[in-house]
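Hi everyone, thanks for making time. I'd like to walk you through a structure that's probably new to most of you, so let's get it up on the screen.

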Amino acid sequence: MFTPIVSVPTSAPLLEPPDDAADPPTGTLFERDIMGVDSESVEQGSLSGGKNGVSNEAARWPNAEVPYVFSKLYERDAARKHIVLTAMRGFDRTCVRFIPRKNERDYIVINAGNRLCASFVGNQHQGKQDVFLSIGACTDELGKIQHELMHAIGFYHEQSRIDRDDYVEINWDNVQSRGDFQRYDNTTAFGLPYDFGSILHYGTNDLGINESVWTIRPLLQYRANYSSAIGQRLWLSDSDEEKINRMYKCGKHRPPVPEGFATTDVSDHIMESTTSSYRTARRKSSTPSDRTTTRPGIMARMGKFFKSLFG
Ligand SMILES: [Zn+2]
């Protein structure tokens with residue numbers, strides 16, 4: 001009896017991509033884009049709550065590998081999928097790797113959701129955990145994607161650091177919710193200085209009652225140098241990378257970049273959408289600087305990455 005040979009393309013996902021989950025109710029979000037932090041630990045001014053703590057080793061991903069799958073909507077949108085993969089490549093200078101899931105128990109699902117950019121902080125050890133990257137709202141800037149991925153790796157917002165009042169001030173009269181602007185003493189910065197240019201720092205006018213008035217800004221002595229850096233969503237800062245390397249004890253170890261990201265089939269359209277914010281910002285910028293926490297410094301780093309990627 002004749003048995004047909006079924007050829008399975010090697011790039012085919014092992015399993016059917018998961019459905020795009022409904023967004024969590026906004027009431028469950030901490031600081032607007034963090035899922036899974038219970039309100040009790042927030043009220044106590046503490047983030048020690050179990051596995052969510054940034055300093056808690058249990059929230060790390062084993063072998064510094066974050067397995068991912070894309071949801072159905074993403075699998076149907078090759079252009080947006082490539083944008084997310086490009087953002088993931090930005091972590092290559094650390095030892096953390098986003099790898100296509102094979103059979104790992106814990107993994108993230110890149111989920112299109114509904115106008116929401118949100119993530120858990122670190123490995124929740126719950127099997128699948130969502131990273132909401134609403135198509136459009138969260139994919140227009142690579143840094144928005146990297147922001148959520150950095151939460152997933154295990155970090156809270158930069159301005160939550162216990163020492164932040166030495167660097168920034170809060171306009172309490174203009175914040176929508178004081179809970180969004182607290183600082184916490186049990187997160188760790190891994191010995192690194194305050195980073196105005198962190199991809200995880202709020203922007204100057206974020207979460208304000210009046211959106212044209214500032215809510216958070218550098219203290220006077222830092223304002224000239226760092227006002228344009230805070231809230232940047234262009235690219236990981238040098239310090240973001242270093243913090244990841246320290247959290248995951250990378251040392252000099254840098255694993256190879258995983259397969260599955262073909263640079264040759266990146267169309268002009270994708271190039272356009274992934275680099276437009278970079279180019280717009282570059283036009284507005286002043287002289288490039290070596291200081292990576294400033295906006296020109298970030299853009300110089302990002303430009304270097306694209307040059308290496310697209311030639
Ligand atoms: Zn965030």
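I'll go through the disulfides, then a helix, then the cavities. Before anything else, keep in mind that this is a predicted model.

Okay, disulfides. As a reminder, a disulfide is a covalent bond between the sulfur atoms of two cysteines. How many does a search of the whole structure find? Two. If you count the bonded cysteines along the chain, the pattern is 1-4, 2-3.

Let's take Cys95 and Cys250, whose sulfur atoms sit 2.0 Å apart. The torsion about their S-S bond is about -70°, so this disulfide is left-handed. The pair links distant parts of the chain, 155 residues apart. Cys95 is in the loop between α3 and β3, while Cys250 is in the loop between α6 and α7. Both Cys95 and Cys250 are buried.

Now for the other pair: Cys117 is joined to Cys138, with 2.1 Å from S to S. Here the S-S torsion is about -100°, so the Cys117 to Cys138 disulfide is left-handed. Cys117 belongs to strand β5 and Cys138 to the loop between β6 and α4, so the bond ties together parts that are 21 residues apart in sequence. Are these two buried or exposed? Cys117 counts as partly exposed, because its relative accessibility is 21% and the cut-off for buried is under 20%. Cys138, on the other hand, is buried, with a relative accessible area of 0%.

That loop brings us to helix α4, which covers residues 142-153. From first C-alpha to last, the twelve residues of α4 reach 16 Å, close to the 16 Å you'd expect at 1.5 Å a residue. How much of α4 is covered? Mostly all of it, with eleven of the twelve residues buried. Among them are Leu142, Ile145, Leu149 and Ile153, along with His147, Glu148 and His151. Right after α4 comes Gly154, and its phi is positive, near 140°.

Last stop, the empty space inside. Rolling a probe the size of a water molecule over the atoms shows where empty space is left. The count here comes to two cavities of 30 Å³ or more. I'll zoom in on the second largest, which has a volume of about 110 Å³. Twelve residues line this cavity, and the closest to its centre are Phe155, Tyr156, His157, Arg161 and Thr188. What is the lining made of? Five nonpolar residues, four polar and three charged.

That's my tour, so over to you for questions.

How values were computed:
Residues numbered from 1 in each chain as written. Predicted model: local features only at pLDDT ≥ 70, side-chain atom pairs only at ≥ 80, totals over all residues. Heavy atoms only, no water. Helix = DSSP H or I, 4+ residues; strand = E, 2+ residues; numbered from the N terminus. Expected span 1.5 Å × (residues − 1). Buried < 20%, exposed > 50% of the residue type's maximum accessible area, 1.4 Å probe, protein only. 1 Å grid on protein atoms, 1.4 Å probe; cavity = no way out; pocket = protein on both sides within 12 Å on 5 of 7 lines; lining within 4 Å. Points joined across faces, edges and corners; volume = space filled by probe spheres on them. Nonpolar A, V, L, I, M, F, W, Y, C, P; charged D, E, K, R; others polar. Disulfide = S-S within 2.5 Å.
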